[in-house]
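Hi,

Here is the model I promised to pass on. Have a look at it first, and my notes come after.

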Amino acid sequence: MQKAAAAGAATLVAGAVGFKALDSSMNLSADLKTMYRGAKPLLAINKLGKRTDDYTLADVWTDGVSKHGGETFVIFEHRRMTYGDMELFSTQMAHWLLKQNIQAGDVLALVMENKPEFIGWWLAMTKIAAQVALVNYSVKRKGLVHCIKVADSKAVVFDTDTEENVFDVEGDLEARLFYWGPCPPSRPFKDVTTVGHDQMLSLPIDGSPLKALRKGIKMMDNFGFIYTSGTTGLPKAANIMHIKMAAMGNLMAIAGARPGDRTHCCLPLFHSAGGGIGVIGTMLTGSALVIIKKFSASRFWNEISAYGCTGFQYIGELGRFLVNYAKEHPEVYQIPHTLKFAIGNGLRPEVWDDFQDGFKIPAVLEFYGATEGNGALINYSERSDKASRGAVGRVGGILAKVMKPKIVKFDVETEEVVRGPDGLCIECGLMEPGELLFPNVQGDPTKDFKGYRDPKATAKKLLSDVVVKGDSWFRTGDLLSKDSMGFIYFVDRIGDTFRWKGENCSTTEVSEIVSSFPGIEEANVYGVKVPGSLDGRACMAAVQGRADLQSQERLDALLELCKKELPKYSLPLFLRFLPEMEQTATFKQQKANLREQGCDPKVVADAMFWLSPVTGKYEPFGPAEYQGLEAGQAKL
């Protein structure tokens, strides 16, 4: 008996030692921990994706209403809407759309700021099997027309906050205009249909007849479009399946949201973070979403406390803004809160400690993923687990077999993957930066890349002959690296797009606008580091053209054009006047040297101007102004 017990104990010890050794090489315990948190939500999403009956996000919503009808769904400023309230509103809007002859398959562009009606409108569209194009309300003129047209939108839904931008492009649109508001728009539109609360009173409140309109629509079919800015200039309309939206929201469940929780969301609802993770995540978990119109570092913690938020969404820059604000206003650390988690992406390693420890956030769910992508990484970082900080994900031996991500060698000069003698890609070693790829598996609800509205843009995001001849992989367009513990770190973005204050700035889009200004022969746009700033890279336009471009009159006119055509975050904050534009041997603009020289007057001999934070005009930029930025006396 004693021998048997001893043998059993020895077996357990040997097994433990063996697992420890295996765990050390394959990081199995980390995978098991991730799988424990995500198993139930991921199984639910996989089950949704494999449904073959007529079932969409509208049905997911209806099921949620049946469970949580009387509970709070959204809170916005001084308004609270329950699941039942939103069901009533969206149902009446669906019936209104039917009266306007909107049919299944029609695409409607939604141009609206953060507010509950934003959710109600796309729910209404989804209920009648229409598709929604979630348009960035900051986009103007050419960009706005492009977003509406590239999705073949039959109508545009907007309100008083966005009517100016829509009015400016009315003559360029063929789509019908639907205006939501208590009064007609203030601008003289030629042809617009207005709907408000008064008209809703006579609309049906029964949503059951709408189910028949969704006949034949399944979770793997298209929900609509979310736009992503790439290196090609204008925003690309990414096809988003119903199951893709559900998968985005699944991250909220992995973070720990449950019925009774409230998540603070100041991120734009037109994008995947606010509209996908925030809205859909709330819907899937039966929790509540506190919608904030715009982020404010000074109001943030008071909002968290006043609304009783148990979680909040962030982007990396938001975390840094909060940390920097707290350094000047340490009293915010004393504001009480009941937070359980923060969820977002891009949290910079250098502010992580101050962010999580300073604000006493129990857990941070940092994730990596593209709006249109077919794969994601997650890093659930509890306060006690300091080793996980700075990583965008963790993949051990088990998850590597399930998710199958690859980081392959990449040549930053040629901007191409490196292939071996056999023509296949070469996987990177530990801590070697390379492009992250995800396998493209058609028919798989979690690995099927549906691409963009533009087939050419779709083709550019796919790579073949990676592991075996003829395979297909999604290109993230980002450089990442992996360490021996399975932690994956973001390194840099591939291409010319750069980030400024949390937004992606496309060099091509800015270049097209600047180049259209009379007298400018050519414009080369790129991002430059600003001394004293951690907001990413500021937009600089190096231009070649007539000498009178440097006169104040011409500079003012150029600024007026940029403000009219570009979002605020894409405005050129620096101008550099070149006597001659440098080109490569293949007649492409040379950006590398210009980007490296930045805005340092000691390095740049050409005349430079900056968008002065004092005058709001383009003014000469020299050593004194540069030193002011370095000393923190001026901020862009």
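Below is what I found, going through confidence, the sheets, one helix and one lysine.

First, the ground rules. This is a predicted model, so local features need pLDDT of at least 70 and side-chain atom pairs count only at pLDDT 80 or more, while totals for chains, interfaces and linings use all residues. Residues are numbered from 1 along each chain as its sequence is written, and side-chain values use heavy atoms, with hydrogens and water left out.

On confidence: pLDDT is the predictor's confidence in each residue, from 0 to 100. The protein averages 89, and 93% of the residues score at least 70. The stretch to be wary of is residues 9-19, where pLDDT stays under 50. The model has three contacts for that stretch beyond four places in sequence (a contact means heavy atoms within 4.5 Å). Where pLDDT is low, the predicted coordinates should not be read in detail.

Now the sheets. Helices (H or I, at least four residues) and strands (E, at least two) are DSSP runs, numbered from the N terminus, and two strands pair if DSSP finds at least two bridges between them.

One open sheet has eight strands with mixed pairing, in the order β2-β1-β11-β10-β12-β13-β14-β15. β2 (79-82) and β15 (376-382) are its edges; each has a single partner strand, so one side of each has no neighbour in the sheet. Neighbouring strands are turned by 20° against each other on average, direction ignored. Inside this sheet, β10 (residues 262-265) and β11 (residues 288-291) pair in the parallel sense over four bridges, and R262 has A288 as its bridge partner. Helix α9 (residues 242-255) lies across β10, β13 (341-345), β14 (363-369) and β15, at about 145° to β13. For angles like that one, axes are lines fitted to C-alpha atoms, for helices over the stretch in contact, and the angles run from 0 to 180 degrees between N-to-C directions.

There is also an open sheet of five strands, again with mixed pairing, ordered β26-β27-β28-β29-β30. Its edge strands, β26 (520-529) and β30 (618-620), each pair on one side only. The twist averages 25° from one strand to the next. Helix α17 (residues 552-565) packs on this sheet, touching β26, β28 (574-577), β29 and β30, and its direction makes about 140° with that of β30. β29 (residues 607-611) runs antiparallel to β30, joined by three bridges, with L611 opposite Y618.

Elsewhere, β22 (residues 472-482) and β23 are antiparallel and share five bridges. Their hairpin has four residues between the strands, and G486 takes a positive phi near 90° there. β23 (residues 487-493) also pairs antiparallel with β16 (residues 393-394), over two bridges.

What about helix α3? This helix (residues 57-68) spans 16 Å from its first C-alpha to its last, close to the 16 Å expected at 1.5 Å a residue (the expected span is 1.5 Å times one less than the number of residues). Its buried residues include L57, W61 and H68; buried means under 20% relative accessible area, exposed over 50%, partly exposed in between (1.4 Å probe, protein chains only).

Last, K154 sits in strand β5 (residues 153-159). Is K154 buried or exposed? K154 is partly exposed, because its relative accessible area is 43%. Leaving out residues up to four places away in sequence, K154 touches D106, V107, A175 and R176.

Cheers
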